[in-house]
Amino acid sequence: MNMDNESLSIDNSTLLRDFNETQHNQEWSPFICYGPSHLPTFKVSLYLNGNRFDGHGSSKKRAKINAIMQYKSFTMNCNADSETNNTIESDKSAFKRKCTFLMENSLPKTIALESQVAVNQTTETPVSKRNYTDNLIEYPPSKNLTIEPQVAINQTSAISMLHEIFSGQTLTYEHEQSHGLLETISVIVSGNKYIGYGKNKKEAKEIACRNALKSLSKVLSIDNLKYKNQLEMLLTDYGDSKIIDYFAGITDKIYQKLEFTENKFKEYSVIASIIKMTEEDLNSAQVICLATGTKCLSGNYMSLNGESLHDCHAEILTRRCLMKYFYKELMESVKGYPSIFISDSNKSKFKLAKDITFHLYINTAPCGEGRVYSFSDTEHQLNRLSRGLLRSKIENGAGTVSVFGREFQTYDGVAQGERLVTMSCSDKLTRWNVLGLQGNLLSNFVEPIYLESISIGSMFNLHHIKRTIYGRIENSINRLPQNYKVHKPKLRGYSILPRRSTTQSSYCTNWIVSEGIEIIKGSIGRTIENKLSRVCKTSLANEYIKLCSATNNLLTLIENENNVFYDSLKNKNENYVAAKNELLSTFKSLNFGTWVHKPEELKSFELHVGKKSDNITYNSNNQDCES
């Protein structure tokens with residue numbers, strides 16, 4: 001479809017029917033399929049009045065509609081030219097050139113963009129923007145689209161392939177327990193279990209069979225000429241899908257082992273985890289922390305002492321848990337125990353051990369910019385004015401809104417009824433990919449630590465996620481201090497559209513390796529026992545003071561050896577503050593909006609420093625720091 005032609009407005013739902021009724025001399029070519037079997041792109045040619053019009057689409061119907069749209073566009077352009085010029089061009093070669101130009105420029109932009117990404121982006125996996133109005137289940141979405149013609153008109157489902165190839169076995173399917181937005185089905189083949197996720201049981205079963213075929217094709221010599229081409233296409237995205245499935249699997253395995261006193265605490269819509277790997281070896285992958293949650297603090301429960309968690313979305317809680325893990329590992333390094341950090345001779349600066357990387361897994365796209373698009377769109381308007389805007393979460397609600405009109409908020413305003421504004425997870429991910437995961441305070445001890453990859457289990461769209469994470473600022477931010485950068489993590493994910501959830505749990509769970517589980521009521525920002533969370537501002541600030549004391553940095557980082565204010569601590573690291581200001585000014589200069597900070601009163605609380613003996617206990621038999 002020629003998307004530059006704004007005057008073309010046709011109802012796609014009746015276009016094919018009307019065209020068949022009016023154009024009786026039409027002829028169609030056989031369908032040709034592009035890409036892997038689980039996400040095909042169909043091509044068909046329309047022959048009419050001596051001209052050919054090519055159509056591409058995620059289904060045969062969509063391909064036909066796009067071919068008809070090209071014909072309509074061609075007709076409208078020819079009519080417009082004839083009205084303007086008063087004479088009709090009769091030269092045959094000129095006419096052919098014009099037809100060729102129109103056909104080339106009417107190639108769907110989604111296909112052209114994906115082809116360009118496939119050629120130029122070697123470190124990322126292109127994602128097809130699939131239209132979900134057709135064939136919702138037959139071809140569940142994936143991450144990889146190879147724009148190379150492969151004739152595969154008569155596709156066989158993975159379920160049928162698996163049963164035929166392993167006809168001598170009895171395949172066992174199980175409906176696994178799932179607490180998220182996706183159904184979970186497993187299939188047991190040759191004694192091994194393979195899991196699939198989908199918006200319904202049928203889609204999950206199909207994906208489980210695909211995963212089984214992908215894995216078994218790697219370890220067994222499947223000699224089946226009938227399905228040779230389809231098996232090869234299944235393996236085209238095996239690398240990335242294997243990583244996503246593995247991250248999802250080890251995250252779910254830990255979560256299912258957690259002990260909850262009540263079932264209502266276990267239900268969730270969104271789960272996120274941060275995984276540590278060594279030397280990019282998948283076998284070394286270890287879940288460091290995980291969290292569930294979709295709630296934000298209610299304005300009625302704001303704390304002037306940093307005792308309430310403002311944002312209990314899963315991604316945000318997980319990152320705060322990672323900071324808690326960093327503090328523990330730094331203390332282990334100070335004590336001389338094994339740690340992911342290596343200290344200098346003075347034990348005042350640390351660096352991450354070589355070949356250690358951190359990876360974020362989320363079971364669905366982050367709220368905000370990375371999620372604001374529609375699978376049902378036939379035209380993906382990548383340059384529309386709303387793209388890239390900063391967005392904020394809605395207090396006591398779902399979704400996000402643009403920050404325009406809310407450049408600041410005050411404590412007394414929120415106390416009188418204004419909604420407490422919390423920036424979206426998408427915008428915070430952008431921030432982490434410039435400032436690092438370690439945050440402000442830890443930047444006094446370690447250089448910025450960035451995510452190596454982001455894996456998303458559903459609602460993934462490469463163009464939107466890439467723009468969200470770094471694309472919207474990468475060419476505009478250029479005055480970052482030393483060690484800071486616009487980081488570009490590897491992006492991978494599934495475009496599965498999860499089932500819609502009408503209810504969301506008000507409880508949020510977080511778990512840290514070797515520290516156990518904590519359950520928080522999201523609207524009040526405290527634990528279900530009404531205690532301070534271990535990852536709230538006050539708790540993490542106290543961990544920082546312990547680290548300063550342990551490294552003899554209290555005098556250099558804290559002016560008063562007995563008491564200190566939280567906001568003054570946050571202003572100590574000039575490089576971090578400069579990098580943050582550069583990022584926020586870049587957002588504003590690009591007209592993406594102003595980052596809305598929490599009221600200043602929430603950051604001006606006092607912390608007790610105390611004596612060194614009060615802050616840390618050295619004990620060779622206890623590797624955890626005591627609170």
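**Reading a predicted model: sheet, helices and a buried loop residue**

Me: What share of the 627 residues of the chain counts as buried?
Reply: Of the 627 residues, 56% count as buried. The model is a predicted one. Its secondary structure comprises 18 helices and 24 strands.

Me: What share of the contacts with a separation of 6 or more lies between residues 24 or more positions apart?
Reply: Such pairs account for 67% of those contacts. One pair distant along the chain is L182 and L497, which are 315 residues apart, with their C-alpha atoms separated by 8.7 Å.

Me: Where is L182 placed, and is L182 buried or exposed?
Reply: L182 lies in the loop between strand 5 (172-175) and strand 6 (183-189). Its relative accessible area is 11%, so L182 is buried, the cut-off being under 20%.

Me: How should one read the pairing of strands in a sheet?
Reply: Strands of a sheet pair through backbone hydrogen bonds, in either a parallel or an antiparallel sense. Here, eight strands form an open sheet of mixed pairing, in the order 19-18-14-8-9-20-21-22. Strand 19 (490-493) and strand 22 (526-527) are the edge strands, each pairing on one side only.

Me: Which strands pair in the antiparallel sense over six bridges?
Reply: Strand 20 (residues 507-512) and strand 21 (residues 516-521) do so. W511 stands opposite I517 in strand 21. Helix 9 (residues 314-335) packs on the sheet, touching strand 8 (271-278), strand 9 (286-292), strand 14 (356-362), strand 20 and strand 21. The direction of helix 9 makes about 135 degrees with that of strand 9.

Me: Which strands pair with strand 18 in the parallel sense?
Reply: Strand 14 pairs with strand 18 over five bridges, and four bridges join strand 18 to strand 19. L360 has I454 in strand 18 as its bridge partner, while S455 stands opposite R492 in strand 19. From strand 18 the chain crosses through helix 13 (residues 462-471) to strand 19, a right-handed β-α-β crossover.

Me: Why can strand 18 be called largely enclosed by the rest of the structure?
Reply: Five of the six residues of strand 18 (residues 451-456) are buried, and therefore the description applies.

Me: How may the geometry of a helix be checked?
Reply: An α-helix has 3.6 residues a turn, so residues three or four places apart point the same way. For helix 14 (residues 537-550), 14 residues at 1.5 Å a residue should span 20 Å, and the end C-alpha atoms are 20 Å apart, which agrees. Because 13 of the 14 residues of helix 14 are buried, this helix is largely enclosed by the rest of the structure. Helix 14 is followed by N552, whose phi is positive, near 60 degrees.

Definitions and conventions: Residues are numbered from 1 along each chain as its sequence is written. This is a predicted model: local features need pLDDT of at least 70, side-chain atom pairs count only at pLDDT 80 or more; totals for chains, interfaces and linings use all residues. Side-chain values use heavy atoms; hydrogens and water are left out. Helices (H or I, at least four residues) and strands (E, at least two) are DSSP runs, numbered from the N terminus. The expected span of a helix is 1.5 Å times one less than its number of residues. Buried means under 20% relative accessible area, exposed over 50%, partly exposed in between (1.4 Å probe, protein chains only). Contact means heavy atoms within 4.5 Å. Two strands pair if DSSP finds at least two bridges between them. Axes are lines fitted to C-alpha atoms, for helices over the stretch in contact, and angles run from 0 to 180 degrees between N-to-C directions. A crossover is right-handed if, with the strands pointing away from the viewer, the path from the first strand over the helix to the second runs clockwise.
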